[in-house]
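Me: I should like to learn how to read the features of a model such as this one. Please begin with the general idea each time and then turn to the case at hand.
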Amino acid sequence: MKIALLGYGKMGQVIERIALERGHEIVLKKDEFNTYDGLSTADVAIDFSVPTAAVSNISSCFHANVPVVSGTTGWLEHYDEMEALCKEKQGGFISSSNFSLGVNIFFELNEYLAKIMAQFDSYKVSMEEIHHTQKLDAPSGTAISLAKGVIENSAYAKWTMESPKPEEIYIEAKRIGDVPGTHTVTYDSTVDSIELKHTAHNREGFALGAVIAAEWLAGKKGIYTMKDVLNLESK
Ligand SMILES: NC(=O)C1=CN([C@@H]2O[C@H](COP(=O)(O)OP(=O)(O)OC[C@H]3O[C@@H](n4cnc5c(N)ncnc54)[C@H](OP(=O)(O)O)[C@@H]3O)[C@@H](O)[C@H]2O)C=CC1
Ligand SMILES: O=C(O)C1=N[C@H](C(=O)O)C[C@H](O)C1
């Protein structure tokens with residue numbers, strides 16, 4: 001399979017190694033300065049770039065008729081626009097705040113726990129995410145997905161990084177050294193706490209998940225999620 005890499009930083013380089021190991025060919029490595037030359041020859045594109053480049057990268061794929069897997073975070077306010085463009089151009093699209101198998105299992109557990117905890121208002125939920133100091137966005141896309149998973153299954157209405165009101169989920173973002181990504185969901189009462197935690201030991205899981213998503217998406221049209229790719233069904 002011919003793959004275009006949109007973004008060739010920490011993630012792009014791990015994705016390249018895993019893609020080559022799985023027998024794929026890289027036809028474009030797009031960074032801040034070069035062009036999209038070669039994009040239209042790709043079977044699929046994988047975007048792990050920066051929040052300000054994601055929309056341009058994803059739209060270029062739809063215009064070039066190349067299905068795109070996007071892992072870039074921090075551009076969610078434009079998601080509806082990209083979804084509309086995908087439909088208009090009959091493109092293929094998967095975007096996820098986190099492509100690792102472990103985090104996608106964690107997302108399921110988070111929703112399940114949220115449903116149980118919605119019955120007990122003696123517990124208050126909060127979230128913590130820890131990432132490396134080069135990360136541009138906060139809170140992490142994964143923390144926002146976790147908060148959405150709670151909101152959809154409870155009476156919580158939104159998330160905040162400020163002092164939370166009763167209907168708000170507090171998210172704390174910490175930036176420490178080279179941490180690849182640690183997320184904790186905590187339900188706290190006066191008598192005890194329940195914690196659900198995922199710790200990434202490196203970037204391999206994110207990168208492998210993105211390549212598996214790209215293999216799954218190539219040749220398809222439509223908008224999908226990692227639930228479709230992994231066939232995850234817990235309920
Ligand atoms: N969904 C998931 O599973 C995961 C998502 N992420 C997300 O992926 C993104 C990338 O992470 P990471 O690789 O660590 O970040 P890096 O900063 O290491 O890499 C980003 C790369 O994008 C490049 N870039 C800048 N402008 C453009 C552009 N216009 N087109 C294409 N590339 C461009 C940068 O180039 P230059 O250095 O020249 O500026 C840089 O090489 C982040 O948003 C991060 O949150 C990360 C891990 C997992
Ligand atoms: O920037 C990162 O590194 C990561 N970003 C993603 C996010 O914002 O959730 C996923 C992962 O935690 C690593």
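Reply: Two residues are in contact if their C-beta atoms, placed from the backbone, lie within 7 Å. The model is predicted: local features need pLDDT of at least 70 and side-chain atom pairs count only at pLDDT 80 or more, while totals for chains, interfaces and linings use all residues. Residues are numbered from 1 along each chain as its sequence is written, and chains are lettered from A and ligands numbered from 1 in the order in which they are written.

Me: Which residues does Pro-139 touch, leaving aside those up to four places away in sequence?
Reply: Pro-139 touches Glu-129, Ile-144, Met-161, Ile-171 and Ala-173. Pro-139 sits in the loop between β6 (124-131) and α5 (141-151); helices (H or I, at least four residues) and strands (E, at least two) are DSSP runs, numbered from the N terminus.

Me: Is Pro-139 buried or exposed?
Reply: A residue is buried if 20 or more other C-beta atoms lie within 10 Å of its own, exposed if 12 or fewer, and partly exposed in between. Pro-139 is buried because 22 other C-beta atoms lie within 10 Å.

Me: How many residues does the largest nonpolar core have?
Reply: A nonpolar core is a set of buried Ala, Val, Leu, Ile, Met, Phe, Trp, Tyr and Cys residues joined through C-beta atoms within 7 Å. The largest has 38 residues, and Ile-15, Ala-45, Ile-46, Ala-210 and Ala-213 have the most contacts inside it. Its largest share, eight residues, comes from helix α6 (residues 204-217). Apart from this core lies another, of 13 residues, including Ala-147 and Tyr-187.

Me: Which domains does the assignment give?
Reply: Domain bounds come from an automatic or database domain assignment. Here that assignment gives domain 1 (2-99 + 204-230) and domain 2 (101-199). Their contact takes 10 residues from domain 1 and 11 residues from domain 2.

Me: Where does ligand 2 lie with respect to the domains?
Reply: A residue is near a molecule if its C-beta atom, placed from the backbone, lies within 6 Å of it. Domain 1 and domain 2 both give residues to the shell around ligand 2, so ligand 2 lies between them. Among the residues around ligand 2 are Thr-73, Ser-97, His-131 and Lys-135.

Me: How does the shell around ligand 2 divide by class?
Reply: Ala, Val, Leu, Ile, Met, Phe, Trp, Tyr, Cys and Pro count as nonpolar, Asp, Glu, Lys and Arg as charged, and the others, Gly among them, as polar. The shell around ligand 2 has no nonpolar, eight polar and one charged residue. The shell around ligand 1 has eight nonpolar, 12 polar and four charged residues.
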